[in-house]
Structures are given as C-alpha cells and as structure tokens.
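Q: Please look at the structure below. The terms used to describe it should each be justified by their definitions.

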Amino acid sequence: MDPATTELRFDTPLLRIYNDGRVERLFGTETTPAGFDGATGVTSKDVVIDDATGVSARLYIPDLPASGPGHHRKKLPIVVYFHGGGMVLDSAASPTYHRYLNSLVSKAGALAVSVNYRLAPEHPLPAAYDDAWAALSWTASAADPWLSEH
C-alpha cells in the first residue's frame, strides 16, 4: 500500500487525518432522517441553500391548526440554529440536535432552520462562517414556502 494513504498525519479520539488528506471521523457521523416526529408533532425537511457549496439546512415546523377560509397563516418566530461539533463533527441531521430541535420547536411554537455548514479540516475556516452568513441571508429571503408562509 502507498504510505500516503495509510500513514496518519493527525490522530485523535474524534478524527484521523491521513497523509493523502483523507479524513476519517470516528464520532459524530450518525444521522436521523427528516420527517414527522409523533412525540412532539413537529415535521422536518431538508433543503439545499447553496448548490455550489453544498450548504443545506433542516427546517422544523410545529403542528399548526389548519387555517380555514378567511384565516391567515400563523406567523412564527424563526430560530436559526448552528449545531455543535467544533466545526469539525456532526451535522444538522445528528440525532442529538434533531431531538433537541423537535423539542424546542414544539415547546416554543417556532420554526427552526438548522444549518448544515461545511466541516473542517476539509473546508478550513472561514468556510463555516461563510456558510452561516449564506444560511442567514437565505432565511431572511424567505426562499422556502415554510418561511414565506409562516
């Protein structure tokens, strides 16, 4: 085997970086699919914010009463959430953050945008900051029907 593909440049309990630049994450890679959460009544979906960079978000909306004739859609506060992981681990689909946002959205009656920013070291800073700004701008533009209607 080529030593560049097998020799480690950096090794921690959380991730390994090989000499060829490959990154192996040993923690924070588990994901939960978007959809309806029966325990909280919250529905989530994944959306792409920027095709060029791959930045995406998971949107969460609480259970809302149906709007009938003459009723306007209820406007909701919006929470823009940036997951933990030190800009190196996890994602907007990580089980911990998914459960937390289902609970938050249900209890607060808010709509949430959980940003899936690019991770280092493959995308060194300021990539995550650029992604955060793109997500905030995208949210403010009400580009998704959930945002524009609520």
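A: The discussion may begin with strand pairing.

Q: How do you know that β5 and strand β6 (residues 55–61) pair?
A: Two strands pair if DSSP finds at least two bridges between them. β5 and β6 have seven bridges, in the antiparallel sense, and therefore meet this criterion. Within the pairing, valine 48 stands opposite serine 56 in β6. The two strands form a hairpin with four residues between them, and glycine 54 in the turn has a positive phi of about 85°.

Q: On what basis do these values rest?
A: The model is predicted, with local features requiring pLDDT of at least 70 and side-chain atom pairs counting only at pLDDT 80 or more, while totals for chains, interfaces and linings use all residues. Residues are numbered from 1 along each chain as its sequence is written, and side-chain values use heavy atoms, leaving out hydrogens and water.

Q: What makes strand β4 (residues 36–37) and strand β5 (residues 42–50) a pair?
A: They are joined by two bridges in the antiparallel sense, so the minimum of at least two is met. Phenylalanine 36 stands opposite threonine 43 in β5. The hairpin of β4 and β5 has four residues between the strands, and glycine 41 there takes a positive phi near 80°.

Q: Why is residues 36–37 called a strand?
A: Strands are DSSP runs of E with at least two residues, whereas helices are runs of H or I with at least four; both are numbered from the N terminus. Residues 36–37 form β4, a run that satisfies the definition of a strand. On this basis the protein has four helices and eight strands, in the order α-β-β-β-β-β-β-β-α-β-α-α.

Q: Why is tryptophan 133 called buried, partly exposed or exposed?
A: Buried means under 20% relative accessible area, exposed over 50%, and partly exposed in between (1.4 Å probe, protein chains only). Tryptophan 133, which is found in helix α3 (residues 127–140), has a relative accessible area of 62% and is therefore exposed. Alanine 142, at 29%, counts as partly exposed. Alanine 142 lies in the loop between α3 and α4 (145–149) and has a positive phi of about 55° although it is not a glycine. Of the 150 residues of the protein, 37% count as buried.

Q: What makes Phe82, Trp133 and Leu136 a patch?
A: Patches consist of residues with over 30% relative accessible area and no salt bridge (a side-chain nitrogen of Lys or Arg within 4 Å of a carboxyl oxygen of Asp or Glu); like charges are joined within 9 Å, and nonpolar side chains (Val, Leu, Ile, Met, Phe, Trp, Tyr) within 5 Å. Phe82, Trp133 and Leu136 form a nonpolar patch with about 330 Å² of accessible area together. Accessible areas come from the Shrake-Rupley method with a 1.4 Å probe; for residues, only the protein chains shown count as cover.

Q: What makes a set of 17 residues a nonpolar core?
A: Such a core is a set of buried Ala, Val, Leu, Ile, Met, Phe, Trp, Tyr and Cys residues joined through side-chain atoms within 4.5 Å. In the largest core, Ile49, Leu59, Leu111, Val113 and Trp138 touch the most other members. β5, β6, β8, α3 and α4 each supply at least two residues of this core, and β6 gives the most, with four.

Q: Which residues does tryptophan 138 touch?
A: Contact means heavy atoms within 4.5 Å. Not counting residues up to four places away in sequence, tryptophan 138 touches Val47, Val48, Ile49, Leu59, Val113, Ala143, Asp144 and Leu147.
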